[in-house]
Amino acid sequence: FPFPYTPYRIQEQFMEALYGALEAGRVGIFESPTGTGKSLSLICGALAWLRDWEEKRRQEEARLLALGAGGQEALSPQQARPGSADTAGQPDWVTAFVQKKEERDMVDRLKEEQIRRKKREDHLEKIRQNVQLKYAAKRKRCEEDEAKRLLQLSKEALSQGAGEGALDQLDHNEEELILAEYESDDEKKVVSGLEEDDDDLEEEHVTKIYYCSRTHSQLSQFVREVQKSPFGKDTRLVSLGSRQNLCVNEEVRRLGALQLINDRCMEMQKNKHEKKSNEENEGKKRRVSRTVCPFYSFEQMQFLRDEVLVEVKDIEQLVSLGRETKACPYYGSRFAIPAAQLVVLPYQMLLHEPTRNAAGIKLKDQVVIIDEAHNLIDTITCIHSAEVSGSQLCCAHSQLSQYMERYRKRLKAKNLMYIKQILYLLEQFVAMLGGNVNQNPGSQAVSQTGTVLKSINDFLFQSQIDNINLFKVQRYCEKSLISRKLFGFVERYGGPASAVKTNKENQKVAGLQDFLLTLQQGSDKEGTPQSPPVEAEHDQLRTASPLMQIEGFLSALTNANQDGRVILNRQGTVGQSSLKFLLLNPAVHFAKVVEECRAVIIAGGTMQPVADFREQLLCCAGVDPARIMEFSCGHVIPPENILPIILCSGPSNQQLEFTYQTRDLPQMMDETGRILCNLCNVIPGGVVCFFPSYEYEKQVYGHWEKSGLLSRLAARKKIFQEPKKANQVEQVLVEYAKCIKRCSQTGGQMTGALLLSVVGGKMSEGINFSDDLGRCVIMVGMPYPNIKSPELQEKMTWLDKTMPRAGGQAPSRVLIENLCMKAVNQSIGRAIRHQKDFASILLLDHRYARPAIFNKLPQWIRERTQVKPAFGSAFAELRKFHRGKLDAL
């Protein structure tokens, strides 16, 4: 395997296992601790396989072409089998003729493919060599811009004469917000060029690797690794992202919310491709300059596509190239997909089928690598779950009924029928929450508060909507773009003109991640009954039309009855109450990926416990157990650089058991404080202490303040607390790091800093406490999830019904343990980040020593863990460990 430096032995093993899995078309679960160079191993292993695979294909094609050229006589072994086609009773000469024809066709097809590939490679090579081309393209762009500007000015002069009287006549038209843009001959040619070029665009998707990770920063990091790798020069890589990350049109970017950006973008394209059907409206076109995106130029995007394929670029480089070349990076990068060898994308984009299709991603016979996959199951569940609040339902009903009233005379019967069906659905949903759509949701109190769970079918029957075909309603919403029309309507008539004029379309593309966010943000909306809803303007801009969220909920209701549940959450008022769809079986949405792909690799730093993936995701998705393989490697750090200890009791012999019943006892909180005080005396640098929840951390902190323990702690280490707000995390970390650095230089009483964090919070994932930032990680108690949450209870019941018992344990019990240990493993893995790093890990709770729990620790930690019944010997070990390391430095 080509590698930028001499790989560790475990990296070689990783690449060999990966190569084998791709070659055999397996589904692999790969675990490689952070700090062991996982990204590079993935890159070099997968791209080495791809290079060999392409070479094999070329040889095979050359062989077939040679056969074809050497007269059609040379049959491949399968075709030469005597009597193979005689079963249908056809004479031999017919069979022979058909076989010959098939061979000839195949040879022709191969020739065509070869010519196409050669053309593409020559083209890219030319771009690599030829700077002249770039300048020519740039000059042409400037000329076009100038011509457009002049045209624009003349159009505006025309339109000023048209006055505003045109407004009302436009309203009956479904396009009531922005009329179509002029279309110069130049653009007509481009549109038809789009069709002609479809062949080129639709070129065979070469065998490729789709690499997904969770966040854009992780993807950018991966792309930088590719750039540094031996494959960096000659790999055709394309980075995909949402419009929010890739849009270069400032006017659209300013909209902020992803859904609004998507809709504005679609609107502008639509205007661009629309034929001039109404010549007489020519003079009435208003806001001409706003309606077409200057970056959506086919020629420029092709230029961008080629640039992307010539040289590996991350998202930031792609965006600046788009600005410079006046081409849209969002679409330019999509044009590059068929020819790319490595496509890098956020995993919501790959796991959600409508988004995948819209992006032009074809998985048939391709390779998918899902990195940072430790919470893959939660991600799939989250992407396919949906929630709508009572106020959103009422608001949508109010908007839609006004829309219907205003355009009743101009809507076709079919439209009216569907609008009435949607209004009926909204009424019934609000009734299920115990309210009435015609009253203000904020002032209607709910009689029976609490949470109720129903199966999908029960929910449909009880809300009396089982006679409505939801599939048809869903298709109508997609095709008619009703939520977008409604958004435009509300924007125009819903009070003072909004700060930004945007349009609404139900566009399923990358809106998903954000759609989930807007759900959480959008629940504070209020809609008044009959008057047009006048919401706070910023609200209106931040979230898409409430109907958009409701469409997501409707589409979730089309899942199979056994795969999900509907949660009715009745709180205080109807406006605060909500309906939520909870997906129980993520495998149904993952099945398609596993079926279509040649191979799927699920990789992560800590994948333990692996059983979840195997049982809930793969076996449920119908993967043959023989196709699944697991690979787990150790760590590169020497065994003596890590000291994991399970501590069963504290300095005053108090047994450590942080259950819900015992953890609030004053003596437990005191004992925890004493342990920390002792450790801070002997551990240099930074200590990170994880609590099971924000509430508990706050409670302990308050108790220590009263008892005076906090001031004793603060004498040795400066104390920092993890902030609840994401935007403050960076600040706290910077201060924490500064303090540690200062203490290590000055010496004296203060030996560093203590960071009180929360499992599953901002610090437990994706943040590295390398070297002095994390010399010791302490886990207080076991972070079991809240077993009383209705979602979790439902998931447990579902697992017990559908999954086999494993090793005498109920699947629900295993789930709870696995969720807890996944969280623990994520948190404690933060401290060791490279080969020369060292740290101690302290698990405070005697339950960690139970075999079932102990075995779920990552292997490289488990092998080195000591169980200490008493505090004295643990303290001695820790002191010896850290003193030894200090002397060695």
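Analyst: Two strands count as paired if DSSP finds at least two bridges between them. In this predicted model, β1 (residues 27–31) and strand β10 (residues 599–604) are joined by 5 bridges and run in the parallel sense, so the requirement of at least two bridges is met. Within this pairing, I29 stands opposite I602 of β10.

User: What makes β1 and strand β11 a pair?

Analyst: The reasoning is the one already applied to β10: β1 and β11 (residues 628–632) share 5 bridges in the parallel sense, and a pair needs at least two. I29 enters here as well, standing opposite E630 in β11, while I602 in β10 is also opposite I29.

User: How do you know whether β1 is mostly covered or mostly open?

Analyst: Buried means under 20% relative accessible area, and 5 of the 5 residues of β1 are buried, which is the basis for describing the strand as mostly covered. In a regular strand the side chains alternate between the two faces of the sheet. In β1, V27, I29 and E31 lie on one side and G28 and F30 on the other, and with all of them buried both faces are covered.

User: Why is strand β17 described as largely enclosed?

Analyst: Strand β17 (residues 839–844) has 6 of its 6 residues buried, and therefore the rest of the structure largely encloses it. A839, I841 and L843 point one way, S840, L842 and L844 point the other way, and all are buried.

User: What makes β12 and β16 partners of β17?

Analyst: Strand β12 (residues 642–647) runs parallel to β17 and is joined to it by 6 bridges, with L643 opposite S840. Strand β16 (residues 776–780) also pairs with β17 in the parallel sense, over 5 bridges, and there I778 has L842 as its bridge partner. Since at least two bridges are required, both β12 and β16 qualify as partners of β17.

User: Why is R264 called buried?

Analyst: R264, in helix α11 (residues 258–273), has a relative accessible area of 1% and is therefore classed as buried, the limit being under 20%. R264 and R484 are 220 residues apart in sequence, yet their C-alpha atoms are 10.0 Å apart in space.

User: Why does K414 count as exposed, and which patch is it part of?

Analyst: K414 has a relative accessibility of 57% and so counts as exposed, the threshold being over 50%. K414, which belongs to helix α19 (residues 413–432), gathers with K472, R475 and K479 in a patch of positive charge on the surface. Helix α21 (residues 470–480) gives the most to this patch, with 3 residues.

User: What makes the phi values of E372 and Q464 worth noting?

Analyst: Most residues other than glycine have a negative phi. E372, however, is not a glycine and has a positive phi of about 50 degrees, and Q464, likewise a residue other than glycine, has a positive phi near 60 degrees. Both residues are in loops, E372 between β5 (367–370) and α17 (376–383), and Q464 between α20 (456–462) and α21.

User: Why are E372 and Q464 neither buried nor exposed?

Analyst: Partly exposed covers the range between the buried limit of under 20% and the exposed limit of over 50%. E372, with a relative accessibility of 21%, therefore counts as partly exposed, and Q464, with a relative accessible area of 48%, is therefore also partly exposed.

Note on methods. Residues are numbered from 1 along each chain as its sequence is written. This is a predicted model: local features need pLDDT of at least 70, side-chain atom pairs count only at pLDDT 80 or more; totals for chains, interfaces and linings use all residues. Side-chain values use heavy atoms; hydrogens and water are left out. Patches are made of residues with over 30% relative accessible area and no salt bridge: like charges are joined within 9 Å, nonpolar side chains (Val, Leu, Ile, Met, Phe, Trp, Tyr) within 5 Å. Accessible areas come from the Shrake-Rupley method with a 1.4 Å probe; for residues, only the protein chains shown count as cover. A salt bridge is a side-chain nitrogen of Lys or Arg within 4 Å of a carboxyl oxygen of Asp or Glu. Lys and Arg count as positive and Asp and Glu as negative; His and the chain ends are not counted. The place of a charge is taken as NZ of Lys, CZ of Arg, CG of Asp or CD of Glu. Helices (H or I, at least four residues) and strands (E, at least two) are DSSP runs, numbered from the N terminus. Buried means under 20% relative accessible area, exposed over 50%, partly exposed in between (1.4 Å probe, protein chains only).
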